[in-house]
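Please explain this structure to me step by step, as you would to a student who is meeting a model of two chains for the first time.

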Amino acid sequence: MADKKTLSVVLMDAPYESARSTTAFRIIDAAVRRGHTVKVFCYEGAVAQAFVKQAPHANAVHGRDLAAEDHPNPKDWIAAMMAAAEAAGGKLEWMNCGLCVDERGVGEVIPGVTRGSPVDLWKGAEASDNTLVVPTK
Amino acid sequence: MAKYLLIESRDPFETNDVAYYYDLAAGLAKDGNEVTLFLVQNGVLPARKSTRSGALTALVSAGVKVLADEFSLRERGIAAARLLSGVSPAKIDVVVDQLEEGRKALWH
């Protein structure tokens, strides 16, 4: 096990829109499982990644009911990564840009998600050993 | 000498920006920096032999370490045996390894 680090990851993509989100989640997952503290700052559409009202749905076209479709919701992945971080002795801090949240009306989020401002992003990056920005197109 | 991690998620058949990113990797390596180019998502498509593969081969020759995300390769049905010489499959953990190391990381 490497020394515990603090890493910042900045996300911009809304859920269900880009493979970048999936890749970013894979990186975050790998980092928290090593016991690192990961600070995620979401802005623009990414603030909906942790929106609590995301709901799984059935797929009538393919004849699958809710259980068979097992539709993934990123809010659940975030919660699972938070749990994995805690189990590994680290922490996943997930912060949404408050203005971006208010613009989109997605203030209802899963437990553990906080809101902040670009100043908090800067402070987080300053306190981190490294920062990865995942830009959108 | 600095160390860089360049992540390329885009397909060179879709956007010419990829060529500029490859140029950046080559330029950094030419200046004596240690550079890893990590291909992910559709960025792995030129890792198999194609009309756009020459640029990646040139990067390998320039000393850039070129890695292709195993998961992205699997998603696209690209077997490791079909990768260009000098391009290696790698787990996403490599990104974490290099972030830990303190490399300057850029995503395209």
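The paragraphs below go from the sheet of one chain to the contact between the chains, and then to two residues in loops.

The model shown here is a predicted one, and a good place to begin is the sheet of chain A. This open sheet is built from five strands, which pair in parallel and follow the order S4-S3-S2-S1-S5. Strand S4, residues 113-116, and strand S5, residues 130-134, of chain A lie at the edges; each has a single partner strand, so one side of each is left without a neighbour in the sheet. The sheet is also twisted in the sense that neighbouring strands are turned by 25° against each other on average, with direction ignored.

One of the pairings can be followed in detail. Strand S1 of chain A, residues 6-11, runs parallel to S5(A) and is joined to that strand by five bridges, and Val10(A) stands opposite Val133(A) of S5(A). On this sheet packs helix H1 of chain A, residues 19-32, which touches S1, strand S2 (37-42), strand S3 (91-97) and S5 of chain A. The direction of H1(A) makes about 170° with the direction of S1(A).

The next step is to ask how many residues of chain B are in contact with chain A. There are twelve of them, and they meet 17 residues of chain A. On the side of chain B that touches chain A, the elements that give two or more residues are helix H4 (93-101) and strand S5 (104-107) of chain B, and H4(B) gives the most, with five residues. Sorted by class, this side of chain B has seven nonpolar, three polar and two charged residues.

Helix H4(B) deserves a second look. Its buried residues are Val95(B), Val96(B), Gln98(B) and Leu99(B), and because these fall within an arc of 165° when seen down the helix axis, they line one face of H4(B). The buried residues of H4(B) pack against elements of both chains, namely S1, H1 and S5 of chain A together with strand S1 (3-8), strand S2 (34-39) and S5 of chain B. After the helix comes Gly102(B), whose phi is positive, near 90°.

Two packed helices are described by the angle between their axes and by the distance between the axes. For H1(A) and H4(B) the angle is about 65°, and the axes are 9 Å apart, while the crossing in which H1(A) passes H4(B) is right-handed. In this contact Ile27(A), Ala30(A) and Ala31(A) of H1(A) meet Asp93(B), Val95(B) and Val96(B) of H4(B). The residues of the contact divide into five nonpolar, no polar and one charged.

Two residues in loops remain to be considered. In chain A, Asp70(A) is found in the loop between helix H2 (66-69) and helix H3 (74-87), and its phi is near 50°, a positive value in a residue other than glycine. In chain B, Gln41(B) is found in the loop between S2 and helix H2 (53-61), and phi of Gln41(B) is near 55°, which is again a positive value in a residue other than glycine. Is Asp70(A) buried or exposed? Asp70(A) is exposed, because 9 other C-beta atoms lie within 10 Å, and a residue with 12 or fewer counts as exposed. Gln41(B), with 21 C-beta neighbours inside 10 Å, counts as buried, since the cut-off for a buried residue is 20 or more.

Technical notes. Residues numbered from 1 in each chain as written. Chains lettered and ligands numbered in written order. Predicted model: local features only at pLDDT ≥ 70, side-chain atom pairs only at ≥ 80, totals over all residues. Pairing = 2+ DSSP bridges. Helix = DSSP H or I, 4+ residues; strand = E, 2+ residues; numbered from the N terminus. Axes fitted to C-alpha atoms, helices over the stretch in contact; angles between N-to-C directions. Contact = placed C-beta atoms within 7 Å. Nonpolar A, V, L, I, M, F, W, Y, C, P; charged D, E, K, R; others polar. Arc of directions from axis to C-beta. Left-handed = near helix turned anticlockwise from the far one by under 90°.
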